[in-house]
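Here are a few exercises to work through with the model open beside you. Try each task before reading its solution.

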Amino acid sequence: MSDTTYLAEGSRTAIRPFTLADADEFTARSRESRELHRPWLFPPADPDTYAAYATVLIEDPAKAGFLVCERHGGEGAADGAVAGFININNIVIGGFRCGALGYGAFAHATGRGLMAEGLGLVLRYAFGPLGLHRLEANIQPGNKASLALVRRAGFRLEGFSPDFLFIDGGWRDHERWAITADMR
């Protein structure tokens with residue numbers, strides 16, 4: 001754990017920004033979770049890739065990256081252990097005030113509701129201090145865990161986009177889900 005300054009806290013999780021000092025823990029968790037993430041997600045698994053990834057999240061004003069951390073330790077985890085990550089990409093301000101979510105849980109934290117609580121904290125932060133009105137999540141139809149997460153958080157299904165994103169060597173279909181500040 002490199003920083004304990006949380007942006008928002010829940011009963012079991014808290015969110016904080018990415019730092020470059022998180023490389024060792026993040027990449028170790030990513031390598032441990034490779035089977036869980038494939039074929040949906042490819043988070044950085046080595047220090048150089050992590051540094052490039054985190055630097056963009058830290059410096060680009062059109063992105064906001066959050067680490068979901070366990071509070072008080074849990075099931076053998078140290079207090080502050082990284083359970084997953086939630087990023088808001090393509091942030092547009094002005095009349096749109098929207099961003100696109102990307103996220104992933106690490107294997108040790110799955111099935112415990114930590115990401116659901118963490119997503120709730122990110123939504124509160126996005127619709128509060130960040131001043132956003134709308135968040136979108138584009139999810140491959142076969143990614144049942146991701147679909148369940150946004151459903152639980154109150155997102156609504158808005159459509160289907162064939163060949164929407166290039167992932168793992170091919171164009172993948174996605175369902176489009178969204179939530180607005182007034183839906184919370």
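**Exercise 1. In what order do the eight strands of the open sheet lie, and which are the edge strands?**

Solution. Keep in mind that this is a predicted model.
- Step 1: walk across the open sheet, and the eight strands come in the order E1-E2-E3-E4-E5-E6-E8-E7.
- Step 2: look at the sense of the pairing, which is mixed.
- Step 3: look for strands that pair on one side only; these edge strands are E1 (8–9) and E7 (156–167).

**Exercise 2. Find how strand E6 pairs with strand E8: parallel or antiparallel?**

Solution. In general, strands of a sheet pair through backbone hydrogen bonds, in a parallel or an antiparallel way.
- Step 1: locate E6 at residues 134–139 and E8 at residues 170–180.
- Step 2: follow their pairing, which is antiparallel and runs over six bridges.
- Step 3: pick out Asn 138, which has Arg 176 of E8 opposite.
- Step 4: now add helix H5 (residues 144–153), which lies across E5 (98–105), E6 and E8. The angle between H5 and E8 is about 15 degrees.

**Exercise 3. Describe how helix H4 packs with helix H5: at what angle do their axes cross?**

Solution. Two packed helices are described by the angle and the distance between their axes.
- Step 1: take H4 (residues 114–127) and H5; their axes come within 10 Å and cross at roughly 55 degrees.
- Step 2: classify the angle, which makes H4 oblique to H5.
- Step 3: note the hand of this crossing, which is right-handed.
- Step 4: list the contact residues. H4 brings Met 115, Ala 116, Leu 119 and Leu 123, while H5 brings Leu 149, Arg 152 and Ala 153.
- Step 5: sort the residues of this H4 and H5 contact by class, giving six nonpolar, no polar and one charged.

**Exercise 4. Do the same for helices H1 and H3: which residues meet?**

Solution.
- Step 1: the axes of H1 (residues 23–32) and H3 (residues 47–59) come within 10 Å, crossing at roughly 110 degrees.
- Step 2: H1 and H3 are therefore roughly perpendicular to each other, and H1 passes H3 in a right-handed crossing.
- Step 3: Ala 23, Phe 26 and Thr 27 of H1 meet Pro 47, Tyr 50 and Tyr 53 of H3.
- Step 4: by class, the contact of H1 with H3 holds five nonpolar, one polar and no charged residues.

**Exercise 5. How many aromatic pairs are there, and what parts does the pair of Phe 18 and Tyr 50 tie together?**

Solution.
- Step 1: with ring centres within 6.5 Å as the cut-off, the count is 10 aromatic pairs.
- Step 2: Phe 18 and Tyr 50 form a stacked pair, 6.3 Å centre to centre with 25 degrees between the planes.
- Step 3: Phe 18 sits in the loop between strand E2 (13–17) and H1, and Tyr 50 in helix H3, so the pair ties together parts 32 residues apart in sequence.

Conventions:
Residues numbered from 1 in each chain as written. Predicted model: local features only at pLDDT ≥ 70, side-chain atom pairs only at ≥ 80, totals over all residues. Heavy atoms only, no water. Axes fitted to C-alpha atoms, helices over the stretch in contact; angles between N-to-C directions. Helix = DSSP H or I, 4+ residues; strand = E, 2+ residues; numbered from the N terminus. Parallel < 35°, antiparallel > 145°, perpendicular 65-115°, else oblique. Left-handed = near helix turned anticlockwise from the far one by under 90°. Contact = heavy atoms within 4.5 Å. Nonpolar A, V, L, I, M, F, W, Y, C, P; charged D, E, K, R; others polar. Pairing = 2+ DSSP bridges. Phe/Tyr/Trp six-rings, centres within 6.5 Å; stacked < 30°, edge-to-face > 60°.
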